[in-house]
Amino acid sequence: MSSQETPVNINARQAFGYSDKYLYQDEVTLTQGDKFLAADKLTYLKNENTITAEGDVNYVDGGVTLYSDKIESQLETKQATLYNADYQFHGQGGRGKAERIYDNGLDLYEFNNSTYSACPPEDNTWALDTSTLYIDNENDMGTAYNAVLRVKDVPVFYFPYISYPISDKRKTGLLLPNYEISETNGFTVTQPLYINIAPNMDATITPTYMTDRGTLLATEYRYLFDFGTGTLHAENLSNDRIRDDSRYLYHFDHAGNFAKNWHFSADYTKVSDDYYFSDINTNYGTQSDNQLLQTGKISYRESNWNSELEVRKFQILGNGDTPHIVEPKLAFSAYQPIDWQNLQFDWYSEMTKFDHNDDDVYPALVFISSRHSPYRFITIQCLSTQN
(Lines give C-alpha, C1' and ligand atoms only; values in the text may rest on other atoms or scores of the structure.)
Protein backbone atom coordinates (compact mmCIF):
# COMPACT_ATOMS: atom_id res chain seq x y z
CA MET A 1 0.00 0.00 0.00
CA SER A 2 1.42 3.42 -0.91
CA SER A 3 1.72 6.29 1.57
CA GLN A 4 -1.26 7.99 -0.14
CA GLU A 5 -3.40 4.92 0.58
CA THR A 6 -2.34 4.45 4.19
CA PRO A 7 -5.39 5.20 6.37
CA VAL A 8 -5.28 7.94 9.02
CA ASN A 9 -6.96 7.31 12.38
CA ILE A 10 -7.66 10.20 14.76
CA ASN A 11 -9.05 9.95 18.29
CA ALA A 12 -9.88 12.78 20.72
CA ARG A 13 -12.26 13.67 23.56
CA GLN A 14 -13.74 16.54 21.51
CA ALA A 15 -14.18 16.88 17.74
CA PHE A 16 -15.66 19.68 15.62
CA GLY A 17 -16.29 19.77 11.87
CA TYR A 18 -16.38 22.83 9.58
CA SER A 19 -16.80 21.82 5.91
CA ASP A 20 -13.32 20.54 4.97
CA LYS A 21 -11.78 21.55 8.31
CA TYR A 22 -11.83 19.37 11.44
CA LEU A 23 -10.72 20.35 14.91
CA TYR A 24 -9.78 17.83 17.61
CA GLN A 25 -9.04 18.69 21.26
CA ASP A 26 -8.07 16.96 24.53
CA GLU A 27 -5.93 13.80 24.45
CA VAL A 28 -5.66 13.80 20.67
CA THR A 29 -3.85 10.87 19.00
CA LEU A 30 -3.20 10.24 15.32
CA THR A 31 -1.83 7.07 13.72
CA GLN A 32 -0.82 6.42 10.11
CA GLY A 33 1.18 3.26 9.44
CA ASP A 34 4.25 3.39 11.73
CA LYS A 35 3.66 7.07 12.57
CA PHE A 36 2.14 8.17 15.87
CA LEU A 37 1.26 11.67 17.04
CA ALA A 38 -0.19 12.90 20.31
CA ALA A 39 -1.13 16.52 21.09
CA ASP A 40 -3.47 18.81 23.01
CA LYS A 41 -5.00 20.21 19.81
CA LEU A 42 -5.03 19.05 16.19
CA THR A 43 -6.41 20.74 13.09
CA TYR A 44 -7.01 18.62 9.98
CA LEU A 45 -7.61 20.17 6.53
CA LYS A 46 -9.24 17.45 4.46
CA ASN A 47 -8.75 18.93 0.98
CA GLU A 48 -5.05 19.67 1.58
CA ASN A 49 -4.57 16.50 3.64
CA THR A 50 -2.52 18.42 6.22
CA ILE A 51 -2.55 18.53 9.98
CA THR A 52 -1.35 21.08 12.52
CA ALA A 53 -0.76 19.80 16.05
CA GLU A 54 -0.16 22.14 18.98
CA GLY A 55 0.54 21.89 22.68
CA ASP A 56 2.73 19.15 24.19
CA VAL A 57 3.21 17.36 20.86
CA ASN A 58 4.78 13.89 20.79
CA TYR A 59 5.67 12.53 17.33
CA VAL A 60 7.07 9.04 16.67
CA ASP A 61 7.85 7.20 13.44
CA GLY A 62 10.15 4.30 12.55
CA GLY A 63 13.30 6.44 12.78
CA VAL A 64 12.83 9.18 15.36
CA THR A 65 10.95 10.34 18.45
CA LEU A 66 10.28 14.08 18.85
CA TYR A 67 8.69 16.36 21.42
CA SER A 68 7.61 19.76 20.14
CA ASP A 69 5.45 22.83 20.74
CA LYS A 70 3.97 22.65 17.26
CA ILE A 71 4.06 20.40 14.21
CA GLU A 72 2.80 20.87 10.68
CA SER A 73 2.58 17.77 8.48
CA GLN A 74 1.54 16.84 4.95
CA LEU A 75 0.13 13.33 5.21
CA GLU A 76 0.53 12.29 1.56
CA THR A 77 4.20 13.24 1.21
CA LYS A 78 4.96 12.59 4.92
CA GLN A 79 6.75 15.94 5.08
CA ALA A 80 6.66 17.65 8.47
CA THR A 81 7.95 20.77 10.22
CA LEU A 82 8.40 20.98 13.99
CA TYR A 83 9.12 23.99 16.20
CA ASN A 84 11.07 24.09 19.48
CA ALA A 85 11.65 20.35 19.43
CA ASP A 86 13.63 17.73 21.33
CA TYR A 87 14.56 14.70 19.22
CA GLN A 88 15.99 11.20 19.68
CA PHE A 89 16.90 8.99 16.71
CA HIS A 90 16.35 5.25 16.96
CA GLY A 91 18.94 2.57 16.28
CA GLN A 92 22.13 4.49 15.54
CA GLY A 93 21.49 7.07 18.28
CA GLY A 94 21.73 10.83 18.08
CA ARG A 95 19.72 13.35 20.11
CA GLY A 96 19.41 17.05 20.76
CA LYS A 97 17.26 20.18 20.48
CA ALA A 98 16.33 22.49 17.61
CA GLU A 99 14.32 25.65 17.03
CA ARG A 100 13.02 24.12 13.81
CA ILE A 101 13.14 20.63 12.31
CA TYR A 102 12.09 19.81 8.75
CA ASP A 103 11.46 16.16 7.80
CA ASN A 104 11.30 15.64 4.02
CA GLY A 105 9.53 12.30 4.44
CA LEU A 106 12.49 10.40 2.94
CA ASP A 107 14.61 9.98 6.09
CA LEU A 108 16.40 13.32 5.61
CA TYR A 109 16.12 15.90 8.39
CA GLU A 110 17.13 19.57 8.49
CA PHE A 111 17.75 21.15 11.91
CA ASN A 112 18.01 24.91 12.45
CA ASN A 113 19.82 26.40 15.48
CA SER A 114 20.24 22.97 16.96
CA THR A 115 22.40 20.77 19.17
CA TYR A 116 23.46 17.22 18.33
CA SER A 117 25.14 14.49 20.39
CA ALA A 118 25.54 10.74 19.98
CA CYS A 119 25.99 10.31 23.75
CA PRO A 120 23.29 8.62 25.84
CA PRO A 121 20.70 10.80 27.59
CA GLU A 122 22.07 12.72 30.59
CA ASP A 123 25.62 12.29 29.20
CA ASN A 124 27.18 15.57 28.04
CA THR A 125 30.63 14.25 27.08
CA TRP A 126 30.39 16.00 23.71
CA ALA A 127 27.88 17.87 21.55
CA LEU A 128 27.74 19.99 18.41
CA ASP A 129 25.97 23.36 18.36
CA THR A 130 25.07 24.24 14.75
CA SER A 131 23.23 26.88 12.78
CA THR A 132 22.15 24.23 10.24
CA LEU A 133 22.44 20.47 10.56
CA TYR A 134 21.39 17.77 8.08
CA ILE A 135 20.90 14.17 9.22
CA ASP A 136 20.67 11.67 6.36
CA ASN A 137 19.62 8.35 7.90
CA GLU A 138 19.53 6.58 4.53
CA ASN A 139 23.25 7.24 3.96
CA ASP A 140 24.18 7.38 7.69
CA MET A 141 25.70 10.85 7.32
CA GLY A 142 25.52 14.11 9.22
CA THR A 143 26.46 17.50 7.73
CA ALA A 144 26.76 20.63 9.88
CA TYR A 145 27.40 24.32 9.19
CA ASN A 146 28.79 26.82 11.70
CA ALA A 147 29.36 24.04 14.22
CA VAL A 148 30.91 24.46 17.67
CA LEU A 149 32.22 21.31 19.33
CA ARG A 150 31.58 21.26 23.07
CA VAL A 151 33.23 18.85 25.49
CA LYS A 152 31.58 18.76 28.92
CA ASP A 153 29.67 21.93 27.86
CA VAL A 154 32.97 23.75 27.17
CA PRO A 155 33.46 25.04 23.56
CA VAL A 156 36.74 23.63 22.20
CA PHE A 157 36.63 23.98 18.40
CA TYR A 158 34.74 25.78 15.62
CA PHE A 159 33.96 24.18 12.24
CA PRO A 160 32.57 26.31 9.40
CA TYR A 161 31.60 22.99 7.81
CA ILE A 162 31.85 19.40 8.97
CA SER A 163 30.58 16.08 7.61
CA TYR A 164 30.67 12.88 9.65
CA PRO A 165 29.12 9.38 9.82
CA ILE A 166 26.33 8.87 12.35
CA SER A 167 26.80 5.10 12.53
CA ASP A 168 29.70 2.66 12.27
CA LYS A 169 29.89 3.42 8.55
CA ARG A 170 33.29 4.88 7.64
CA LYS A 171 33.85 8.05 5.63
CA THR A 172 36.91 9.69 4.10
CA GLY A 173 37.72 13.04 5.68
CA LEU A 174 39.61 14.98 8.31
CA LEU A 175 39.58 13.67 11.87
CA LEU A 176 39.73 15.95 14.89
CA PRO A 177 43.09 17.72 15.21
CA ASN A 178 45.25 17.57 18.32
CA TYR A 179 47.27 20.36 19.94
CA GLU A 180 50.07 20.08 22.49
CA ILE A 181 52.80 22.18 24.06
CA SER A 182 55.88 20.45 25.49
CA GLU A 183 59.45 21.30 26.45
CA THR A 184 60.71 18.53 24.13
CA ASN A 185 59.05 19.56 20.86
CA GLY A 186 57.52 23.00 21.45
CA PHE A 187 54.05 23.70 20.07
CA THR A 188 52.72 20.63 18.25
CA VAL A 189 49.68 20.34 15.99
CA THR A 190 48.49 17.04 14.48
CA GLN A 191 45.86 16.78 11.72
CA PRO A 192 44.88 13.21 10.71
CA LEU A 193 43.28 12.49 7.34
CA TYR A 194 41.25 9.26 7.23
CA ILE A 195 40.83 7.49 3.84
CA ASN A 196 38.13 4.84 3.44
CA ILE A 197 39.62 2.79 0.59
CA ALA A 198 37.22 -0.18 0.65
CA PRO A 199 35.16 -2.14 3.19
CA ASN A 200 38.27 -4.23 3.98
CA MET A 201 40.94 -1.50 3.68
CA ASP A 202 41.59 1.95 5.06
CA ALA A 203 44.46 4.36 5.61
CA THR A 204 45.30 7.32 7.82
CA ILE A 205 47.78 10.02 6.83
CA THR A 206 48.87 12.17 9.78
CA PRO A 207 51.18 15.17 9.42
CA THR A 208 52.49 16.52 12.75
CA TYR A 209 54.15 19.90 12.90
CA MET A 210 56.54 20.52 15.84
CA THR A 211 57.91 24.05 16.08
CA ASP A 212 61.25 22.88 17.52
CA ARG A 213 61.83 19.80 15.32
CA GLY A 214 59.94 20.10 12.04
CA THR A 215 57.20 18.11 10.32
CA LEU A 216 56.69 14.39 10.94
CA LEU A 217 54.62 12.47 8.39
CA ALA A 218 52.97 9.22 9.54
CA THR A 219 51.06 6.84 7.27
CA GLU A 220 49.06 3.81 8.42
CA TYR A 221 47.44 1.24 6.14
CA ARG A 222 45.14 -1.48 7.50
CA TYR A 223 43.75 -4.45 5.58
CA LEU A 224 41.52 -7.49 6.05
CA PHE A 225 41.63 -10.25 3.44
CA ASP A 226 40.86 -13.97 3.33
CA PHE A 227 44.52 -14.69 4.09
CA GLY A 228 44.58 -12.50 7.21
CA THR A 229 44.62 -9.04 8.70
CA GLY A 230 47.48 -6.66 9.23
CA THR A 231 48.90 -3.15 9.52
CA LEU A 232 51.63 -1.26 7.69
CA HIS A 233 52.83 1.89 9.42
CA ALA A 234 55.65 4.32 8.64
CA GLU A 235 56.80 7.59 10.22
CA ASN A 236 59.42 9.96 8.85
CA LEU A 237 60.95 13.18 10.15
CA SER A 238 63.24 14.14 7.28
CA ASN A 239 65.19 16.79 9.17
CA ASP A 240 65.04 16.93 12.96
CA ARG A 241 66.27 20.43 13.78
CA ILE A 242 67.26 19.40 17.33
CA ARG A 243 69.09 16.15 16.48
CA ASP A 244 70.16 17.38 13.03
CA ASP A 245 69.32 14.02 11.53
CA SER A 246 66.68 12.12 9.55
CA ARG A 247 64.50 9.90 11.77
CA TYR A 248 62.01 7.16 11.04
CA LEU A 249 59.88 4.30 12.38
CA TYR A 250 58.64 1.26 10.44
CA HIS A 251 56.07 -1.26 11.68
CA PHE A 252 54.39 -4.30 10.14
CA ASP A 253 52.13 -6.90 11.71
CA HIS A 254 50.09 -9.68 10.14
CA ALA A 255 48.17 -12.74 11.29
CA GLY A 256 46.08 -15.15 9.24
CA ASN A 257 45.63 -18.38 7.36
CA PHE A 258 46.76 -18.48 3.73
CA ALA A 259 45.83 -22.10 2.93
CA LYS A 260 44.18 -25.06 4.63
CA ASN A 261 45.88 -25.65 8.00
CA TRP A 262 48.63 -23.11 7.21
CA HIS A 263 49.06 -20.03 9.41
CA PHE A 264 51.45 -17.11 9.08
CA SER A 265 52.15 -14.27 11.53
CA ALA A 266 54.68 -11.46 11.65
CA ASP A 267 55.53 -8.58 13.97
CA TYR A 268 58.29 -6.17 12.94
CA THR A 269 59.21 -2.74 14.34
CA LYS A 270 62.34 -0.70 13.64
CA VAL A 271 63.36 2.87 14.52
CA SER A 272 66.20 5.06 13.34
CA ASP A 273 67.86 5.67 16.70
CA ASP A 274 67.90 4.96 20.45
CA TYR A 275 66.03 8.15 21.39
CA TYR A 276 63.07 7.95 19.03
CA PHE A 277 60.46 7.03 21.63
CA SER A 278 61.69 9.62 24.15
CA ASP A 279 61.49 12.41 21.56
CA ILE A 280 58.41 11.53 19.49
CA ASN A 281 54.94 10.36 20.49
CA THR A 282 53.82 7.26 18.58
CA ASN A 283 51.33 4.42 18.98
CA TYR A 284 54.00 1.81 18.18
CA GLY A 285 56.33 2.12 21.15
CA THR A 286 57.04 4.00 24.38
CA GLN A 287 60.06 5.44 26.16
CA SER A 288 60.24 2.29 28.33
CA ASP A 289 60.62 -0.01 25.31
CA ASN A 290 64.25 -1.00 24.82
CA GLN A 291 63.72 -4.15 22.73
CA LEU A 292 61.75 -4.03 19.47
CA LEU A 293 60.56 -7.43 18.32
CA GLN A 294 61.20 -8.50 14.73
CA THR A 295 59.75 -11.94 14.10
CA GLY A 296 58.04 -14.10 11.50
CA LYS A 297 56.37 -17.46 12.04
CA ILE A 298 54.77 -20.04 9.76
CA SER A 299 52.96 -23.09 11.11
CA TYR A 300 50.99 -26.11 9.94
CA ARG A 301 48.25 -27.38 12.22
CA GLU A 302 46.29 -30.62 12.37
CA SER A 303 43.91 -31.80 15.06
CA ASN A 304 46.53 -33.88 16.94
CA TRP A 305 49.84 -32.37 15.80
CA ASN A 306 51.40 -29.22 14.50
CA SER A 307 54.75 -27.89 13.32
CA GLU A 308 56.23 -24.42 13.38
CA LEU A 309 59.11 -22.53 11.78
CA GLU A 310 60.13 -19.17 13.30
CA VAL A 311 62.85 -16.54 12.88
CA ARG A 312 63.23 -13.90 15.59
CA LYS A 313 65.53 -10.98 16.34
CA PHE A 314 65.38 -7.70 18.24
CA GLN A 315 66.45 -4.10 17.83
CA ILE A 316 68.06 -3.08 21.12
CA LEU A 317 67.79 0.56 22.15
CA GLY A 318 70.31 2.15 24.50
CA ASN A 319 72.84 0.00 26.34
CA GLY A 320 70.67 -3.06 26.88
CA ASP A 321 72.03 -6.57 26.58
CA THR A 322 71.75 -7.95 23.07
CA PRO A 323 69.90 -11.29 22.94
CA HIS A 324 70.65 -14.11 20.53
CA ILE A 325 69.06 -14.17 17.10
CA VAL A 326 66.81 -17.14 16.35
CA GLU A 327 67.44 -18.18 12.75
CA PRO A 328 65.49 -20.35 12.65
CA LYS A 329 63.54 -22.42 15.19
CA LEU A 330 61.81 -25.58 14.01
CA ALA A 331 59.33 -27.13 16.45
CA PHE A 332 57.04 -30.15 16.30
CA SER A 333 54.40 -31.25 18.79
CA ALA A 334 51.91 -34.10 18.84
CA TYR A 335 49.20 -35.35 21.17
CA GLN A 336 47.30 -38.62 21.07
CA PRO A 337 45.07 -40.08 23.83
CA ILE A 338 45.46 -43.85 24.36
CA ASP A 339 42.30 -45.79 25.14
CA TRP A 340 43.88 -47.82 27.94
CA GLN A 341 44.46 -46.93 31.59
CA ASN A 342 43.96 -43.20 30.87
CA LEU A 343 47.32 -43.03 29.14
CA GLN A 344 48.17 -40.34 26.66
CA PHE A 345 51.02 -39.65 24.28
CA ASP A 346 52.43 -36.10 24.25
CA TRP A 347 55.53 -35.15 22.28
CA TYR A 348 57.39 -31.88 21.78
CA SER A 349 60.62 -31.41 19.82
CA GLU A 350 62.48 -28.23 19.01
CA MET A 351 65.65 -27.49 17.09
CA THR A 352 66.92 -23.91 17.20
CA LYS A 353 69.93 -22.22 15.68
CA PHE A 354 71.09 -19.25 17.78
CA ASP A 355 73.36 -16.57 16.40
CA HIS A 356 74.67 -13.27 17.75
CA ASN A 357 75.80 -9.95 16.33
CA ASP A 358 78.80 -9.98 18.68
CA ASP A 359 81.65 -12.07 17.22
CA ASP A 360 82.85 -12.89 20.74
CA VAL A 361 79.61 -14.73 21.51
CA TYR A 362 79.43 -18.33 20.29
CA PRO A 363 76.59 -19.39 18.01
CA ALA A 364 74.73 -22.50 19.07
CA LEU A 365 72.50 -25.27 17.78
CA VAL A 366 70.09 -26.49 20.46
CA PHE A 367 67.90 -29.58 20.26
CA ILE A 368 65.15 -30.17 22.86
CA SER A 369 62.93 -33.23 22.91
CA SER A 370 60.35 -34.27 25.48
CA ARG A 371 57.73 -36.98 25.61
CA HIS A 372 55.02 -37.90 28.09
CA SER A 373 53.56 -41.39 28.32
CA PRO A 374 52.97 -40.76 31.27
CA TYR A 375 56.68 -40.25 32.19
CA ARG A 376 58.81 -37.49 30.69
CA PHE A 377 62.33 -37.62 29.34
CA ILE A 378 64.19 -34.47 28.27
CA THR A 379 67.44 -34.37 26.35
CA ILE A 380 69.30 -31.20 25.45
CA GLN A 381 72.13 -31.19 22.96
CA CYS A 382 74.12 -27.99 22.44
CA LEU A 383 76.70 -27.81 19.68
CA SER A 384 78.83 -24.65 19.76
CA THR A 385 81.60 -23.61 17.42
CA GLN A 386 83.53 -20.40 17.53
CA ASN A 387 83.30 -18.17 14.40
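The paragraphs below lead from the overall make-up of this predicted model to its salt bridges, one strand residue and a charged surface patch.

The protein contains 1 helix and 27 strands, and buried residues make up 36% of its 387 residues. Among the contacts in the protein with a separation of 6 or more, 33% are accounted for by residues 24 or more positions apart. The protein exposes about 22,600 Å², of which carbon and sulfur atoms supply 51%.

Side chains of opposite charge can pair when their charged atoms come close, and a search of the whole structure finds 17 salt bridges. One of these joins Lys35 to Asp61, with the closest N and O atoms 3.7 Å apart. This pair links distant parts of the chain, since Lys35 belongs to strand S4 (residues 35-45) while Asp61 sits in the loop between strand S5 (50-60) and S6, 26 residues apart. Lys35 counts as buried because its relative accessibility is 10%, under the 20% cut-off, and Asp61, at 10% relative accessibility, counts as buried too.

A second salt bridge, between Asp279 and Arg247, has its closest N and O atoms 2.8 Å apart. Here again the pair links distant parts of the chain, with Asp279 in helix H1 (residues 276-279) and Arg247 in strand S20 (residues 245-259), 32 residues apart. Asp279 has a relative accessibility of 7% and therefore counts as buried, and Arg247, at 1%, is likewise buried.

In another pairing, the side chains of Lys329 and Glu310 meet in a salt bridge at 3.4 Å, N to O. Because Lys329 lies in strand S24 (residues 325-337) and Glu310 in strand S23 (residues 305-316), the pair ties together parts that are 19 residues apart in sequence. Both Lys329 and Glu310 are buried. Elsewhere, salt bridges that share partners join Arg213, Asp240, Arg243, Arg247, Asp273 and Asp279 into one network.

Turning to an uncharged residue, Thr143 lies in strand S11 (residues 141-151) and is buried, with a relative accessible area of 17%. Once its neighbours within four places in sequence are left aside, Thr143 is in contact with Thr132, Leu133 and Tyr134, and also with Tyr161, Ile162 and Ser163.

At the surface, Asp26, Asp40, Asp56 and Asp69 form a negative patch. Of these residues, Asp69 lies in strand S6 (residues 64-74), and Asp69 counts as partly exposed because its relative accessibility is 44%, a value that falls between the 20% limit for buried and the 50% limit for exposed residues.

Notes. Residues numbered from 1 in each chain as written. Predicted model: local features only at pLDDT ≥ 70, side-chain atom pairs only at ≥ 80, totals over all residues. Heavy atoms only, no water. Patch = residues over 30% accessible without salt bridge, like charges linked within 9 Å, V, L, I, M, F, W, Y side chains within 5 Å. Areas by Shrake-Rupley, 256 points an atom, 1.4 Å probe, with all protein chains shown as cover. Salt bridge = Lys/Arg side-chain N within 4 Å of Asp/Glu carboxyl O. Lys, Arg positive; Asp, Glu negative; His and termini not counted. Charge placed at Lys NZ, Arg CZ, Asp CG, Glu CD. Helix = DSSP H or I, 4+ residues; strand = E, 2+ residues; numbered from the N terminus. Buried < 20%, exposed > 50% of the residue type's maximum accessible area, 1.4 Å probe, protein only. Contact = heavy atoms within 4.5 Å.
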